[in-house]
Structure formats: C-alpha cells, structure tokens
Amino acid sequence: MKLSVDWLNDFTPLSQIPFETVLEKINTSICEIDDVEEFKAHLSSVITVKIKSLEKHPNAEKLQTTIATDGTKEYQIVTAATNVSAGDIVPLALPGTKLEGKEILDSELRGVRSQGMYCSEKELGMALESSGVLILPKDTTLGISVRKLFLWEDTILTIDNKSITHRPDLWNHFGFARELASQLQIPLNTFPLESNTKWESDNQGLTVEKSDHAHAYYVCAIQNVNITNSIPKIKSRLEKCGIRSINNVVDVSNYLLLELGQPTHFFDRSKLKSTIFTVSKSKEGQSFALLDDTSPTLPKGIALIQNGETPVALAGVMGGKDSAVTDSTKDIVMESAVFKREDVRFTIRKTNIRTESAVRYEKGLDSYTCLPVIKRAVQLLIENGNPNVKVFEPQGFNDTETKSVTINTNLSFLRNKLGKKISLNEVTDILQRLGFIVTVKDESLSVVVPKYRQNYDVTIPEDLVEEIGRTIGYASIRTEALSMAVETPIRNPLRELERRVKQFLSLEVGFNEVYNYSFASSADAKLEVAYTETSLKIANEMPEEHAFLRTSLYPGLIKQAKLNQDRFDSVNLFELGRTYHKEGKGTELAEEKRWLSILSLSKHKPTELSLVEGEFLQVRETISELFLFLNLPKFEWSKQLRNHFHPNASLVLTYDGKEIVELGILHTRFADIYDLKRRVILSKINMEVLVEVWETYARNSHFIPPSHFPQGQLDLSLLLNDSEPTESFVNLVKELRIPELESVYVQTIFRGESVGDGKKSVTYRFRLMSYDKTFTQERFKELSDNLVETAKTNGYSLR
C-alpha cells in the first residue's frame with residue numbers, strides 16, 4: 001500500500017515533526033515500511049518555459065531552433081517537434097535530467113547548440129503514448145518545476161501489507177493519520193466524514209431489500225453530474241498511490257477508498273432496469289460482463305448485487321460493465337456498503353479477481369462509515385467538477401449499527417502481560433489517545449473499543465496489552481531472564497528413539513529425510529486397503545489432492561520419487577510423520593499414529609528382476625542393521641501378504657511376537673497409477689510399537705565375548721522353484737540348533753538357462769564360530785553333510 005505524506009498532512013501536522021522521527025515511530029509502533037521515495041524526483045529539473053521564437057534549423061530539414069525563457073533566463077533548444085509554435089508554454093528538461101534511462105545533455109545537434117529537451121506526456125510519465133510536446137495552459141507560471149505544477153512534490157511511503165493485514169483501519173490515509181496523531185501526540189485536524197451535506201427529501205423511487213448477505217447496504221440517487229477530467233489535486237493524489245485517473249465521478253470513488261478505506265461504487269442510472277437493489281448469492285453457471293471486460297462463469301454462492309433480476313456487480317469486488325459510468329452519464333446511483341469478509345474472500349478465491357476494494361473488505365470493515373461516506377462523496381463530487389448535483393435521501397439498512405465491544409480488565413493483568421510496571425494514568429492516557437473509551441474503578445478498567453477497530457481486531461484483554469506495548473515501545477520493556485527452577489527434564493523415550501533412527505538412516509546409510517503435507521487425495525487414501533474405511537475427509541473445502549488427512553506416508557514418498565526418478569540414479573528417502581484414522585463415530589477425535597516410512601527407488605529396469613531382488617534384500621539388510629544399531633538383535637523376518645506390495649516381495653519383521661516393520665516392493669498397479677518408471681521398495685516402521693520394544697529390551701546386554709578361534713563359513717546352493725520363498729530352508733536349518741551356527745543368510749540368487757525355466761539357484765551362506773576349539777576338517781565335513789542331508793530330506797535339489 002502506498003501513502004502520500006502530503007495527503008497525510010491534510011489530517012495531522014506531520015511537517016512539524018522531523019521526518020526521521022515519523023518514520024521511526026511508524027516502524028516501531030505501527031507497521032513496517034518497505035520503501036520511502038520522492039515522487040518523480042527525476043523531474044525536479046524539468047521546468048516550465050515559454051517559446052519566444054522558432055525558426056528552421058540551418059543544417060537539418062526536420063529540426064527547428066527555438067529560444068525559450070523561464071522568465072529570467074533564456075535557453076536555445078533544438079527540437080524535432082512539429083506541434084510547437086511561438087508563445088507556447090512547454091516543459092523543458094534541463095541538462096542532467098534523466099528521462100527513460102537517458103541523460104539530457106547540453107550538446108550540439110547538427111552544429112547548433114541545444115540546452116535541453118522539450119518533453120511530451122509520455123516522457124513525463126503521464127501517458128503511454130503521445131504525438132508531440134506537451135502544451136501547457138497559457139496561464140501556467142514560468143520557471144517552476146513540473147513536480148510543483150502537477151502537485152507531484154511529495155514523499156511516498158510504501159507500507160508492507162502483511163504488517164497491517166489485521167488493521168483494516170490503517171488501509172487509508174485518514175486512518176493512518178489518526179494512528180500517527182495518537183502515537184506522536186499531535187492533533188488530528190480534520191475529520192472528513194463530518195460533512196454538512198443535505199439530502200433532498202425524495203428517494204427517487206429507490207428501494208433496498210434487506211439481506212443477510214451484507215452487514216450494511218445503502219444506495220442514493222444523484223442527479224446532474226457532468227463527466228469530465230478530475231481536478232489536479234485528485235488526479236495527482238490517485239496517481240501517486242498507483243491508481244489511474246478515469247473521470248471526475250469514478251475518481252471520487254477511488255479517492256474515497258484511499259482517503260477513508262470505505263469502498264463505494266457508482267452506477268449509471270439510465271442503464272439500470274429496476275429501482276430495487278438486493279444482495280444475493282449467485283446460481284451455478286451464472287455470468288455477466290465485468291468492468292475488466294471479462295465475463296466469468298460463476299459457481300454457486302458468490303455474493304452479487306442485483307438490480308431487480310439483473311446482476312450488476314460482484315459484491316465488494318468489481319462492478320458490472322453494463323451499468324458503468326461513461327462520458328454520457330447524467331444521473332448516477334451511489335452504492336455504499338459493508339459486506340461479510342467471508343463472502344468477499346470466497347469470491348476472490350473462486351474468481352481470482354483481487355481489487356483494491358476486495359482487499360479492504362476481506363480484512364473485516366465496520367459499517368459505521370456507510371452513511372457518512374455518502375456525504376463526503378457528494379462534497380468531493382462538487383469540488384471535482386459537479387457543482388450542480390442534487391443528492392436524494394439514501395435508502396438501505398445497517399444490521400451492525402448498534403454493535404459495541406467492551407473489554408474488562410485490570411492493571412495487574414496488564415502489568416504481568418507487559419512485563420513492565422506501568423501506572424493507571426499511563427494506561428488510561430494511551431488507550432484514550434488511541435480512541436478507546438476508558439472507565440476506571442479502583443484498578444479495574446472497562447474499555448469500549450472504537451468502532452473502526454471492533455471487528456476482529458481488538459476483542460480480548462490481550463489485545464489491549466499489545467496496544468499499550470507498541471505505544472510505549474517494546475524497547476522500553478527490560479529483558480529479564482525467566483524465574484524458574486532448574487529441573488531434570490522429563491524423559492521422552494519416543495523422541496530419543498526418533499533421533500537415533502534418523503541418525504542411523506541419514507548418517508550411517510545415507511538416506512535423505514523429506515517432509516510432506518499431512519493431506520492426501522481420495523486415491524492416496526485408498527493405497528493401504530486396511531485404512532480405507534478410517535480415512536478422514538476435511539470439513540472445509542479443499543482442492544481434491546488435499547481433501548483427506550493422510551492414512552499412509554507412502555503416497556507422499558512415492559510422489560517425491562516420481563519427481564526425482566529422472567534426475568538421480570539413486571533415490572533413498574525416509575519420512576517421520578503421523579497418519580490420521582477415524583476409528584470411532586460422532587464427535588470422537590481421530591486417532592494419530594506415528595510412523596517412519598522408507599523408500600528406495602530401484603536403479604535398474606523393472607524387468608531386471610534378479611537385480612531388483614538384490615536391492616530388495618539390501619533394504620532388508622539395512623533395516624536389520626537398524627535393529628542391531630538399536631540393540632534389538634532378536635528380530636524375525638517372515639513372509640506376509642500386503643495388498644499394496646508384490647505378493648512375492650512382502651515381508652514383516654516381528655520382535656517378541658509384535659509386528660513392527662513391513663517391507664515390500666510396490667505393486668505394479670500402484671506404480672502405474674503414480675506413473676513410476678522404476679520399481680519402488682517401501683517399508684514402514686510402527687514407532688509406537690518399536691518404542692515399547694526398545695524400552696523393554698534395548699537395555700539388555702547382548703554382548704558375547706569374542707572367540708579366541710578363527711571363524712569359519714560354508715556355502716550351499718540349492719535349486720528352488722521361482723515362486724518358492726528362500727526363508728523356508730533357513731527355518732529348517734535353525735531348527736537343527738547347530739551350536740557353532742552364528743548366522744545364515746541368502747548370499748546370491750541366480751536365474752538363467754542353466755537352471756531352467758521357473759527355477760532359481762539360491763546360495764546360502766552359513767557363518768560358523770566355535771568358542772572352545774578350532775574347527776577341524778572332520779567337523780566341517782560333518783556340518784556340511786548334515787546341511788546337505790537336511791536339504792535332500794525336505795525335497796531340495798543341490799546345484
């Protein structure tokens with residue numbers, strides 16, 4: 001938002017205070033300033049001159065040589081303009097002026113000295129295109145800067161909108177000046193809403209139907225308008241705040257917006273088909289032409305202004321083109337209203353139309369200005385080229401006219417919240433300066449909030465604390481250390497475990513942690529069938545991809561993998577997060593579950609199954625190493641089907657009979673849905689179950705003293721059916737309870753012509769360790785024979 005310091009001075013004498021002090025007070029007590037600049041400062045050296053003489057250039061057919069005067073000094077100027085003649089008053093850019101990125105020089109043009117350049121409207125920034133030098137009125141004072149001539153001598157403050165999003169009263173010059181006057185303790189000179197405009201007794205037949213879709217809505221008939229250009233004061237002030245001048249009627253509406261923060265709108269009376277106005281909601285598919293030359297198709301529920309049965313405006317956002325004021329307009333209808341901020345926000349979101357009016361309405365305006373602003377509008381219309389207007393009595397309603405907010409608090413509460421001992425007189429003085437009405441009894445205060453701040457802004461005692469704190473300056477509140485006992489923090493086992501798991505995955509095995517939204521689409525909610533019935537839809541309207549709370553961490557990781565599958569050969573991710581499940585009914589809250597999910601994207605083609613299996617086994621080994629890292633060695637892997645995993649690559653890990661981990665390769669039907677080009681290995685760890693097991697068993701010592709004797713190992717290759725699980729033989733070996741057997745695992749899996757179709761060669765590695773003697777050849781042979789015999793007895797073929 002842009003503010004004109006010259007305009008602010010209309011309401012409070014800021015010029016009496018050092019400008020640096022004003023800026024400091026704004027930054028420390030009101031809001032943030034993004035920029036401070038002199039408006040069109042580069043035009044300070046462009047002055048008004050009168051052309052005394054004009055003749056042909058001696059060396060150039062298309063140039064003219066002129067002599068111009070500023071009243072005291074003469075300048076020789078060479079120009080190519082064809083629209084100037086002797087006696088014209090024009091703007092002259094003196095040497096050193098920079099226009100459109102070029103510096104004007106005192107130079108020679110084809111042998112004749114030129115001491116500057118005459119300027120067009122385009123070069124002065126007054127028009128996008130122009131055909132010649134700007135000719136000024138004959139009574140223009142000579143020798144003055146065009147900044148002074150066009151009332152451009154001003155400083156513009158650019159306010160950070162985010163810092164006043166909760167303060168609709170500051171989105172205008174008068175409101176900002178009122179705040180500055182209270183903070184700087186200087187007088188507030190003028191109240192523009194106090195106008196003596198008198199209404200004509202008739203209402204010209206206009207009526208307004210009462211509606212719940214607006215807090216207040218008024219219209220009034222105004223006759224005898226004359227459409228022309230605005231006066232320089234209004235035109236320049238609009239331009240300085242970034243608004244283009246249109247005509248002397250429309251400009252008044254924009255001027256009011258910037259001056260008082262109250263949006264208004266003018267309709268051409270002759271283009272209205274009815275005398276009845278109402279605020280209603282749109283029907284699905286409704287459409288009409290807007291001022292920006294668009295005709296959007298509206299969804300159901302958009303707040304509209306209707307004239308009879310015809311929509312004439314998007315309420316609080318933009319007027320309709322068919323009822324707009326034009327050069328031929330003679331009679332107008334003025335609208336002044338306050339709409340519900342929820343409705344305006346809904347319109348902005350659905351139509352993607354964001355105007356200056358909508359920006360103010362969405363903050364939550366109060367309706368107290370609706371009627372007074374009409375009187376101010378009439379005053380401005382008269383000043384701006386419409387001295388003969390007749391204004392008829394406004395018609396409408398105000399549902400919030402009697403609204404009032406009173407806050408009860410006490411001095412002790414304010415002191416404790418501020419952290420500073422402040423007197424009752426200081427509190428009263430500050431609040432009264434800010435427009436609050438304060439009643440004091442002992443040390444209790446009853447505070448009536450001013451109308452311009454009672455909507456959503458100041459509503460609770462803590463808001464009064466903020467008002468006092470920013471006024472006295474937060475820097476004046478001494479920083480003190482908290483007075484609290486130093487106690488041993490309460491241990492949180494789950495947090496400890498999470499840190500250890502994240503440390504292992506990120507530092508030990510090089511996985512990358514990701515964070516995803518806790519929202520999901522309906523398709524995401526169906527990935528894990530077990531949780532489909534417990535998915536929780538979000539009540540307020542959301543995009544389809546964010547319509548549910550997530551029941552699984554997998555979809556988020558899969559989408560991350562999809563984004564990165566063409567960028568990196570290796571994609572290894574993990575996420576620690578919550579899922580949400582509506583197990584009960586009615587008002588029962590959804591259950592939260594804590595998971596750690598892992599994703600590893602295969603480096604190989606989906607058809608290279610043996611290589612993909614190797615990667616799957618590597619992830620299984622990584623999870624096994626994690627449990628060893630957590631001092632939980634007695635885990636067991638077993639096959640268990642999951643709907644979202646490939647049936648031949650779906651495992652679970654249990655510990656003491658409790659299922660903690662699932663691991664598998666994502667089923668191809670889901671890979672197709674998410675457009676994945678490579679196989680995806682997924683796993684998730686139930687952190688709530690893991691922490692129970694970790695607390696119970698991780699403190700136990702599983703240390704075994706190292707053997708004094710060397711380790712041995714045996715390899716055994718068996719021929720299995722391709723669909724047969726490899727762990728079956730492992731379980732048979734474990735049942736033998738061989739005392740020297742330390743571990744057994746699958747070393748390699750081979751498929752090829754040499755083993756036949758539908759077959760695979762699986763090599764098992766057996767690690768052997770003796771703690772009382774060295775292995776002998778006889779013992780190795782005995783163990784080897786035992787393993788071979790077990791295989792043959794159970795129907796396995798040796799390879």
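Author: In this predicted model, contact means heavy atoms within 4.5 Å, and angles run from 0 to 180 degrees between N-to-C directions.

Reader: What makes you say how helix α10 lies relative to β23?

Author: Helix α10, residues 411–418, lies across β23 and β25 and runs at about 80° to β23. Since angles of 65 to 115 degrees count as roughly perpendicular, the helix is roughly perpendicular to that strand.

Reader: How would you class the direction of helix α11 against that of β24?

Author: Helix α11, residues 424–433, packs on the sheet, touching β24 and β25, and its direction makes about 160° with that of β24. Angles over 145 degrees count as roughly antiparallel, so α11 is roughly antiparallel to β24.

Reader: Which strands stand at the edges of the sheet that has the order β23-β25-β24, and what makes them edge strands?

Author: The sheet is open, with 3 strands in antiparallel pairing; its edge strands are β23 (406–410) and β24 (437–441), each of which pairs on one side only. From one strand to the next the twist averages 20°.

Reader: How do you know that β23 and β25 are paired?

Author: Two strands pair if at least two bridges are found between them, and 5 bridges join β23 to β25 (residues 444–448), so the criterion is met, with the two strands running antiparallel. Among the residues involved, T406 has V448 in β25 as its bridge partner.

Reader: Why is one side of β26 and of β32 left without a neighbour in their sheet?

Author: That sheet is open and consists of 7 strands in the order β26-β30-β31-β35-β34-β33-β32, with mixed pairing. Strands β26 (512–513) and β32 (635–639) stand at its edges with a single partner strand each, and therefore one side of each has no neighbour in the sheet. Within the order, β31 (residues 591–601) and β35 (residues 680–686) are joined by 7 bridges and run antiparallel, and S600 stands opposite I681 in β35.

Reader: Why is α2 called roughly perpendicular to α4?

Author: The axes of α2 (residues 19–29) and α4 (residues 173–184) cross at roughly 100° and come within 11 Å; because that angle falls in the span from 65 to 115 degrees, α2 counts as roughly perpendicular to α4.

Reader: Which residues make the contact between α2 and α4, and how do they divide by class?

Author: V22, K25, I26 and S29 in α2 meet F176, L180, Q183 and L184 in α4, and by class the contact has 5 nonpolar, 2 polar and 1 charged residues.

Notes:
Residues are numbered from 1 along each chain as its sequence is written. This is a predicted model: local features need pLDDT of at least 70, side-chain atom pairs count only at pLDDT 80 or more; totals for chains, interfaces and linings use all residues. Side-chain values use heavy atoms; hydrogens and water are left out. Helices (H or I, at least four residues) and strands (E, at least two) are DSSP runs, numbered from the N terminus. Angles under 35 degrees count as roughly parallel, over 145 as roughly antiparallel, 65 to 115 as roughly perpendicular and the rest as oblique. Ala, Val, Leu, Ile, Met, Phe, Trp, Tyr, Cys and Pro count as nonpolar, Asp, Glu, Lys and Arg as charged, and the others, Gly among them, as polar.
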